[in-house]
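Opened the file today and went looking for a few things: one helix, some strand pairing, and the packing of nonpolar residues. Jotting down what I looked up, in order.

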Amino acid sequence: MSADIKNDGDPKPSSAEATVSLPATGIAIVERKEPPPEKESDTRRRSWIVLSFWLIAVFIGLPIWWNTTTIYRANLPLTQMTDWADGKACEPVFPLRIALDVGSLPEQEAQNLLRLTQHALDDLNDFSGHHLRLQLAQAPTEATTQVRDDSNVALTIRLAPGDAAHTASSSLHPHLPILDVQYPPNSLPTANSPSSGLATYIATQLGSTFAEEQNIISYLLETSSITPEHRPKGISQEVVDTVSKRMTRSLKYSQTYHLTFSLFTNGPVPSSWDIEAAIDEYMKPVLDMLKTIHDFTIDTQVQLYASPGVQSHVLGKEDLSSFINAAEWPLSPSIGGAPTVNFIVYIGNQTIGVPSETDAAETSQSWMIPQWGSVYLLAPPPAEAAHVSSETLKQPILTFTSHLLTLLGTPQSGSVPLRLSTLARIRSADLLLRASSSLGSLARLTLALPSISIPSNVANGVVKTIHHLELACASLGGAKSLEHARIAEHEAERAFFEKSMVGQLYFPDEHKIAVYLPLLGPIGVPLVMGLLNEIKAWKTRRSQKLKAA
Amino acid sequence: MTKDKMSFQATAGTAGLFVVAAALRLLLFTAFPGLPNLLTGRVEISTPVTSFKRLQEGLFLYNHNVNPYDGGVYHQAPLLLPLFSLLPDPSTYPIFTYILYTLVDLLSANALYKIAESGEGGASRLYSSPRKEKRWNGYVVAALFLFNPFTIATCIGRPTSVFTTCAILHAVAKALSGNIFTSMLSLSFATYLSMYPLLLLPPMVILAYDRTYNPKVPKSLAQLAGMCTLAVSASLALLFLSSYALTGSWEFLSSTYGIQLTLTDLTPNAGLWWYFFTEMFDSFRSFFLGVFWLHLSSYTPALTIRLRQQPLAVITLLLGIFAIFKPYPSIADTSLFLSLVPCFRHVFPLLRYSFVTASVVLYGTFLGPAFYHLWIYAGSGNANFFYAITLVWSLGLSLIVSDLAFAVLRDEWEVERPEMRGKEIRQI
């Protein structure tokens, strides 16, 4: 419109045309009358108007454009990030310290046994990511206090002379990370013997105890972003298959899990249950032990007249997956930060037709749903009782507890304390690797898209991640490692999924033309044309002036 | 006979007109009790920065000693709150609100009456139109404002933009009567309420300068401009400080003017901004906010320079441009623009598209609500329906603005080239 006004102001050319008739030919020749010359004041006024538009465009428009479209790219330590992703920054090695409590053996013999066992272990173990280091228990007094003082010791071997004459035997302590080994008194190695039956035996026992952990950790390394040359020797395909099957069943790591216990009944009764007492009694001890790795929040609910997704009385294998009536049962998905683990007790007259043979923990009444939770079918109480007692819930809760451990990714062999400490190590390795690979992705993204803006909080997140990764790597296998790895992983995820960056991920440079042209073209054309006209008019004026001079 | 009629109108004055207009409004308010709330909810009348509903929300919070800007609903000036909390609760005694809004309309009409009576439209200090004899008197202009359906709908919908309208019209009227400081104070009030009237300062200064010009003791324009700027800044500072004292924080600045500057509330309205910014890429949002605001403000200097001789025409054209291009326009802005257009009765014969513009505006007026209904309530249309009709509406308004600009300029040009009167012209 501005152009309109300007031009309307110009003295109009006369469209009135003089027609001159030539009498001879009769042809009308149209002759244009020239408009009178423009007044000096009008020209000056027009220049002022063009100038006013240009002043606004240059002195306000350009700074706005500059300020709002410059891409801020915070400096990222790219080489460090790729080093982490490639595994160059941290050797994923888990030094596990095993204490050897030799009881009443003399020092000399104990040292000898230690040396031989370490030797046998090193021969046995070909996986460099997992070092077992033997040491003598410092105070050969009470092993239990020893364990609590030094949390870096993964396992204590308690040697005691046994009764059996020829064979050694061993057993894992059910509540403490202790391997009791009973050896025949005559099997102790002599000072100079190159090998010993007892040492080999202990080494084999240790190897089998930690075999599962080794497999899982090498599986994690195998599937991570670490380049092969920085990765310890691989594992066989079948081990990968079994481990991956188990890992896909377990939930993604989270600091907190939300446990939901639901009682669904197909009729009006029972309508109440002693769930709190049952959990306190049967599940709480395990939850307490898990406290160092996870926090748990718990809620419970009861729903009457709940019909399952499958109506048949005997549930076949294919029915199990559709048993959960997701449409009608109030099973909330994960709201808030913590993922939900669902435990469902269903009271009805349905049974499972195919008892599971693969898993000993699964009875014919329950099954586990990978990454989701588990279901337990309970027979209706005999006398139409409205209440489910805590004794009735004992079996379901114990089943749920074992399912919970599986869902959390706990290894399946060994005693409970060993499994839990293994879980902590696996999880810290897992988080460490995931954080590293996020860093690598972020570094690749930064290099691939030079037009993406990188806010300073992303850079802060990266620095924090690297700091905590270093701490976690330094204390790998120790207690602090999990904590640091978790912070690192959290920060790395937050840096990668920064809101303002995700939006630009799919914004190629060609789009900018599409944004600028249609919107700024209509403004730009009159501006530029006005300026060009002014310059032209100024040139003609000057040349006329020169001519006159 | 015509002469008799004219003289009768002049003697009867405007009292009769005002009584009839007030009666009509109060009748509409009371005879159709559902009408005020219906119109309050219309997006064409109530925008996020003027809505009466949002005002009530802010009022409720204010009366319960909660910061009225908490909750992100209220985006209007803080000083409106004590004014409205003086009135009885509008839901129980709505009549007081009705009377207030009717009075504001009458005040606006009175200012408009003075503007039309001054004859500034046809003859200013530096320019006198050859057609100036052909003009409407204040009575007709005020009547055209008071009985304009847009004005009536705005009054009944009770948006707070009527206060801005009133303040702008009074600023013009006071500038015409030579009360420079009252005029600047009035303009500051308008700016305080809606921000955009600040862009009217340059033509307002020129208007005041021209009207107080004394050939015997010529003052400098720059001096007056400086004084006016100072007066506006001082009164704005005073208003801001009292708002600060009222709400206890400077948060009101970001909640009122910040909303207009950043367009955070994308409620559909009759303007062009909301649709653009729902579609805009996030990374370009702030840039295009700057572009849109610059576009809006770039008209002021150019029009002021071009139409230096007719400052009232500059103000009228700028109000038309604001009604199209401001971030939250409503029909209240349109009615303000249309109320000043009759002051240029003398150039009406020069308008080229009066039939087209009238039909386009009518088309927009009737189809706008229909398409909004199709989109929001019936669900058989989508946002593009409503946006298309707001485009048509804006096209109609911009036709009026450009046609009026053309007519005013042609009128000026014919003084220069009297031989071209009534002839066809062509742009080179």
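Note to self before anything else: this is a predicted model.

Strand pairing. I started with strand 10 of chain A and looked for the partner of A:L259; the bridge goes to A:I298. That belongs to a wider pairing, with strand 8 and strand 10 (residues 295-303) of chain A running parallel over 9 bridges. I then checked strand 12 (residues 340-347) of chain A, and strand 8 pairs with it too, again in the parallel sense, over 8 bridges. There I found A:V345 of strand 12 opposite A:L263.

How enclosed is strand 8 (residues 256-265) of chain A by the rest of the structure? I get 8 buried residues out of 10, so strand 8 is largely enclosed.

Helix 7 of chain A. I tried a length check on residues 211-223: at 1.5 Å a residue, these 13 residues should span 18 Å, and the end C-alpha atoms sit 18 Å apart, so the two agree. Next I looked at burial, and helix 7 is mostly covered, with 10 of its 13 residues buried. The buried ones include A:E212, A:E213 and A:Q214, along with A:I216, A:I217 and A:L220.

Cores. Which residues touch the most other members of the largest nonpolar core? I found B:L112, B:M204 and B:L318, in a core of 101 residues. I followed B:L112 further: leaving aside neighbours within four places in sequence, its contacts are B:V141, B:A142, B:F145, B:L169 and B:S339. Apart from that core lies another, of 65 residues, with A:A110, A:L134, A:A199 and A:L220 among them. I had already met A:L220 as a buried residue of helix 7 of chain A.

Methods: Residues are numbered from 1 along each chain as its sequence is written. Chains are lettered from A and ligands numbered from 1 in the order in which they are written. This is a predicted model: local features need pLDDT of at least 70, side-chain atom pairs count only at pLDDT 80 or more; totals for chains, interfaces and linings use all residues. Helices (H or I, at least four residues) and strands (E, at least two) are DSSP runs, numbered from the N terminus. The expected span of a helix is 1.5 Å times one less than its number of residues. A residue is buried if 20 or more other C-beta atoms lie within 10 Å of its own, exposed if 12 or fewer, and partly exposed in between; C-beta atoms are placed from the backbone. Two strands pair if DSSP finds at least two bridges between them. A nonpolar core is a set of buried Ala, Val, Leu, Ile, Met, Phe, Trp, Tyr and Cys residues joined through C-beta atoms within 7 Å. Two residues are in contact if their C-beta atoms, placed from the backbone, lie within 7 Å.
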